[in-house]
Amino acid sequence: MLVSSSHMPYWLQVLLTEKFYNACIIHEEAKKNEKNVYCLDCCISLCPHCLPPHRSHRLLQIRRYVYHDVIRLDDAVKLFECTAVQSYTTNSAKVVFLNKRPQTKNFRGSGNFCSTCDRSLRDPYQFCSLSCKINYLLRTTGGLSGYLYECNYLPLPDSDDGLMTSDSVLEPASSNRTSSGSGGFGGVDCGRLACTATTEVVRKKRSGGSANRPVCRPAPTPAGLMNRRKGTPQRAPLY
């Protein structure tokens, strides 16, 4: 929880309290509708289908690392002074956590720990997340003056990294599938074949399967073995 929001800009307050990676209500029926982009100009979270009207705005991509929200360190340093915040590496990019993570143990031994939530850290870091540093600054200095940067341009990364492009967002999904599409193999609809085979098996089980069941016949025996008869027994010679 934030100590105070009176000395924080509104975009930062919403960023640290917004729930990301929830399904977009507007595009509830669409695929890839998780809200993983934050618009600093509108102070709202967006899904890939919501992006086209916001392309000229400052957009911050939200990623997931160990089931928690993170942002790229390269983006964070454009908005906030991130010195002493521990960073992590995921997908070849350094990221920082937006908020602190819950801990199962409250034991504090020797070592380096977060100045706000006592999470164990590597040296020489002092904070495990951006919110922990912000809380510390609000408690000790009473504000964030000198720690926030003015950023007038913040585009999404060149690689979409799971985001849909504007062209694919505007393109409606086709519900008709041709016979040579992804659901077929060599021009044959595999799904239809599987359904037909399943129906045929159920039909045979219900009818007992006696009409179409193949007749089991003994394996053929070589002619020489069939005509050979056992010879007359002979007594062993006496010595």
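**Figure 1. The surface and the overall make-up of the predicted model.** About 16,900 Å² of the protein is exposed, and carbon and sulfur atoms supply 52% of that area. Keep in mind that this is a predicted model. The protein has 239 residues, of which 33% count as buried. Its secondary structure comes to 6 helices and 9 strands. If you look at contacts with a separation of 6 or more, 51% of them join residues that sit 24 or more positions apart.

**Figure 2. A look inside the largest cavity.** Searching the whole structure for cavities of 30 Å³ or more turns up 1. The space in the largest cavity is about 60 Å³. Its walls are built from Trp11, Leu12, Leu15, Leu16, Ile71, Ala76, Leu79, Phe80, Leu98, Leu130 and Ile134. Sort that lining by class and you get 11 nonpolar residues, with no polar and no charged ones. Three helices, α1, α2 (73-79) and α3 (130-140), each put at least two residues into the lining. The largest share is from α1, which gives 4 residues.

**Figure 3. Helix α1 and what lies over it.** The buried residues here are Trp11, Leu12, Val14, Leu15 and Leu16. Several elements help to cover them, including β1, β3, α2 and α3. Trp11, Leu12, Leu15 and Leu16 also turn up in the lining of the largest cavity, so this view goes well with Figure 2.

**Figure 4. Helix α3, mostly under cover.** Of the 11 residues in α3, 8 are buried. They are Leu130, Ser131, Cys132, Lys133, Ile134, Asn135, Leu137 and Leu138. These buried residues pack against α1, β5 (68-72) and β7 (93-97). Leu130 and Ile134 are also among the residues lining the largest cavity. After the helix comes Gly142, which has a positive phi, near 85°.

**Figure 5. Glu81 and Lys133, a buried pair.** The structure holds 4 salt bridges, and this view shows one of them, with the side chains of Glu81 and Lys133 meeting at 2.7 Å, N to O. Glu81 sits in the loop between α2 and β6 (88-90) while Lys133 belongs to helix α3, so the pair ties together parts that are 52 residues apart in sequence. Both Glu81 and Lys133 are buried. As a general reminder, side chains of opposite charge can pair when their charged atoms come close.

**Figure 6. Asp41 and Arg58, a bridge between two loops.** Here the side chains of Asp41 and Arg58 form a salt bridge, 2.9 Å from N to O. Asp41 is in the loop between β1 and β2 (44-46), and Arg58 is in the loop between β2 and β3 (59-61), so the contact ties together parts 17 residues apart in sequence. Asp41 is partly exposed, at a relative accessible area of 41%.

**Figure 7. Asp69 and Arg64, with one partner buried.** The closest N and O atoms of this salt bridge are 2.8 Å apart. Asp69 has a relative accessible area of 15%, so it counts as buried. Arg64, at 38% relative accessibility, is partly exposed.

**Figure 8. Asn33, tucked into a loop.** Asn33 is found in the loop between α1 (10-17) and β1 (37-39). Its relative accessible area is 11%, so Asn33 counts as buried. Set aside neighbours within four places in sequence, and the residues in contact with Asn33 are Asn22, Ala23, Cys24, His27, Glu28, Cys47 and His49.

**Figure 9. Arg72 and its surroundings.** Arg72 belongs to strand β5. Not counting residues up to four places away in sequence, Arg72 touches Arg63, Ala93, Lys94, Val95 and Pro157. The C-alpha atom of Arg72 is 7.9 Å from that of Gln61, although the two residues are 11 residues apart along the chain. Strand β5 also appears in Figure 4, as one of the elements that the buried residues of α3 pack against.

Terms used: Residues are numbered from 1 along each chain as its sequence is written. This is a predicted model: local features need pLDDT of at least 70, side-chain atom pairs count only at pLDDT 80 or more; totals for chains, interfaces and linings use all residues. Side-chain values use heavy atoms; hydrogens and water are left out. Buried means under 20% relative accessible area, exposed over 50%, partly exposed in between (1.4 Å probe, protein chains only). Contact means heavy atoms within 4.5 Å. Accessible areas come from the Shrake-Rupley method with a 1.4 Å probe; for residues, only the protein chains shown count as cover. On a 1 Å grid over the protein atoms alone, a cavity is a set of points where a 1.4 Å probe fits but cannot get out, and a pocket is an open set with protein on both sides within 12 Å along at least five of seven lines; lining residues have an atom within 4 Å of a point. Grid points are joined across faces, edges and corners, and a volume is the space filled by probe spheres set on the points. Ala, Val, Leu, Ile, Met, Phe, Trp, Tyr, Cys and Pro count as nonpolar, Asp, Glu, Lys and Arg as charged, and the others, Gly among them, as polar.
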